[in-house]
Amino acid sequence: MQFYLDGYEPGDPLIEKPVRDHPSELPATADVVIIGSGPAGLVLAAQLAAFPELHTVVVERREGPLAVGQADGVACRTVEMFEAFGLADRLIGEGYQVNEVTFWRPDPEDPASIVRTGRVDDVEEGISEMPHMIVNQARMLAYLREHMARSATRAEPYYGLHVTDVRVEAGEYPVVVELDGRTIRAKYVVGCDGSRSVTREAMGLRLRGDATHQSWGVLDVLAVTDFPDIRLKSAIASEQGSILVIPREGGYLVRLYIELEPGVSRGDVTPEHLAAVANRILHPYEIDVRSVGWWAVYEIAQRVCDRFDDGDDPRVFIAGDACHTHSAKAGQGMNVSMADAWNLGWKLGTVLRGTARPEILRTYSTERQAVARRLIEFDKEFAALFSDRDAEPEKFQHYFREQGRYTAGVAVRYGPSLLTGEPTYQELAEGFPVGMRFQSAPVVRLADAKPMHLGHAARADGAWRLYVFADRSRAGLESLCATLPDLLARFTPDGAEPDSVIDVRAILQQGHRDLSVPDVPSVLLPRKGRFGLTDYEKVFCPEPGQDVFDLRGVDRTRGAVVVVRPDQYVAQVLPLDGDVAGFLADVLVPLR
């Protein structure tokens, strides 16, 4: 990370200078009101904390932070997202890393017993530099709250406030939020208030779909067992039912998702009942539950809203469980909810900052509703196959492997829109598909010879990225760089840092020892801060043995410009002499 830009100061460099004190009382107005402080709400708040000029308010009906979370699976893509917030190292250090998955089915020789039928890698090699992690949802939320508290906004939720109504009127702050007799007005409101969303009801929307009438229990336990795969993710289907074993962080805790017998009433289920069912399913193995950390019963319901906003000029949005619900076994709920929020957060932030056109807000519902519908389809297939004890073992294992990119969160592809172009020049960078997330790759930073991942240089700061991959002769690179100062000046507000709206980074073909800093165009060495200091961290070279041009199929002769959205999705691939300014002009507000 970079700091000391405006002068040396001792202390924790992660703590930014505050722009205001967090008011103890609920204010009368805000730029954005977020209803709910679950995964979606806090990712949204964390993203908006990168815009210190904005006033964001988070209201939560609970009396305090969540102590024990329901969700736990953190997909590779979500870990990539947390890296953009500077939180991935902590998440990986504390969590359980899922490496392999085992599959168990009835023993053909003794169908009353189970036997292992397969064992595969949990994540396909090469799809992400980040692992699949298991971390308690409450800890994930704590990371995000701490990130907000360190930001210049010093943001934190207001607890114990029940929203009773949301309506749109007129004026500078047109959205009215009623809370237990109090009122706050906002420019935009986002309901992250769960499957019983008051915001959704106020918008006149409802979740559409079906309940499966299939109940599952979930237990977080400390237990002693002779089941050999208790520290591996395990999918078990016996004649007595199904279990999904999810080892938890800390080395001892384990989560059991347990299929319940048909006709069992939720009110009759206890932890002891769930443990007894687990023992029947695990036969001939036994599990002795010594302590229960948390437990619950839920019914699978696969539902989605028709839209996630309130119209063509949206002022009210919903995210997460407020607009889609599904089973927990595929591990997508928290991950997709957080992705909803990141998609919306940078759009709201840049529109309110005045650097992006308000029209981009319409893309939120279009993009994320399509993702939710695909999730519902996948969840129906996955849940049905998981519980199908008559299915061939190889069929389930094959399905698991085939859907690995989806469960890792890296299969989302946004269609053409204001924010995503047609893949006309895709052949210039085949490994960066337009509409899909920008997949990182190893590089070496030129100025200090630091080996690192290219994607880790970017933060969740609302800036667009131009990754300029140099052509072999570097003539195209030099020509493009000569035009970039005018492009940056056109869209960057007076007094703002030159990379605050459009961040230009170059990847050269030469090794880092074959070049020096003075060899690169001056636009790649921007002057920043009140002292006009040089930013030396914009230029990269290939990592020996893992050349990014080869790994991502970048045309060495012609080079390429990979335009990347603030949420790390590839918006366009263009030649070095392509119309970058024309593409961005449809998204950004020209300021001069």
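This section describes selected strands, a helix and the nonpolar cores of a predicted model.

Residues are numbered from 1 along each chain as its sequence is written, and side-chain values use heavy atoms, with hydrogens and water left out. Local features need pLDDT of at least 70 and side-chain atom pairs count only at pLDDT 80 or more, while totals for chains, interfaces and linings use all residues. Helices (H or I, at least four residues) and strands (E, at least two) are DSSP runs, numbered from the N terminus.

Strand β11 spans residues 182-191. Seven of its 10 residues are buried (under 20% relative accessible area, 1.4 Å probe, protein chains only). The strand is therefore largely enclosed by the rest of the structure. Strands count as paired if DSSP finds at least two bridges between them. Strand β1 (residues 29-35) runs parallel to β11, joined by six bridges. Here Ile34 has Val190 as its bridge partner. Strand β10 (residues 175-179) is antiparallel to β11, with five bridges. Val175 stands opposite Ala186 of β11. The hairpin of β10 and β11 has two residues between the strands, and Asp180 takes a positive phi near 45 degrees there. Strand β17 (residues 316-318) pairs with β11 in the parallel sense over three bridges. Val316 in β17 is the bridge partner of Val189.

An open sheet of seven strands follows the order β20-β19-β25-β22-β21-β26-β27. Its pairing is mixed. β20 (451-453) and β27 (570-574) stand at the edges, each with a single partner strand, so one side of each lacks a neighbour in the sheet. The twist averages 30 degrees from one strand to the next, with axes fitted to C-alpha atoms and angles running from 0 to 180 degrees between N-to-C directions. Within this sheet, β22 and strand β25 (residues 539-542) run parallel, joined by two bridges. Ile507 stands opposite Phe540 in β25.

Helix α11 (residues 475-491) lies across β21, β22 and β26. The helix runs at about 165 degrees to β22, its axis being fitted over the stretch in contact. α11 has 17 residues and reaches 25 Å from its first C-alpha to its last. This is close to the expected 24 Å, the expected span being 1.5 Å times one less than the number of residues. A kink of about 35 degrees lies at Leu484, shortly before Pro485. The bend is the angle between axes fitted to the seven residues ending at a position and the seven starting there. The buried residues of α11 are Leu477, Leu480, Cys481, Leu484, Leu487, Leu488 and Phe491. Their cover includes β21 (464-469), β22 (502-507), β26 (560-564) and α13 (580-585).

Nonpolar cores were defined as sets of buried Ala, Val, Leu, Ile, Met, Phe, Trp, Tyr and Cys residues joined through side-chain atoms within 4.5 Å. The largest has 111 residues. Those with the most contacts inside it include Val33, Leu348, Trp464 and Ile502. Helix α7 (residues 333-353) supplies the largest share of this core, eight residues. Leaving aside neighbours within four places in sequence, Leu348 is in contact (heavy atoms within 4.5 Å) with Val32, Leu44, Leu48, Tyr188, Val190, Phe317 and Leu361. A second, separate core of 26 residues includes Ala235, Tyr399, Phe400 and Tyr569.

Pro358 sits in the loop between α7 and α8 (362-387). Pro358 is partly exposed (between 20% and 50%), with a relative accessible area of 48%. The C-alpha atoms of Pro358 and Val587 are separated by 8.8 Å, although the two residues are 229 apart along the chain.
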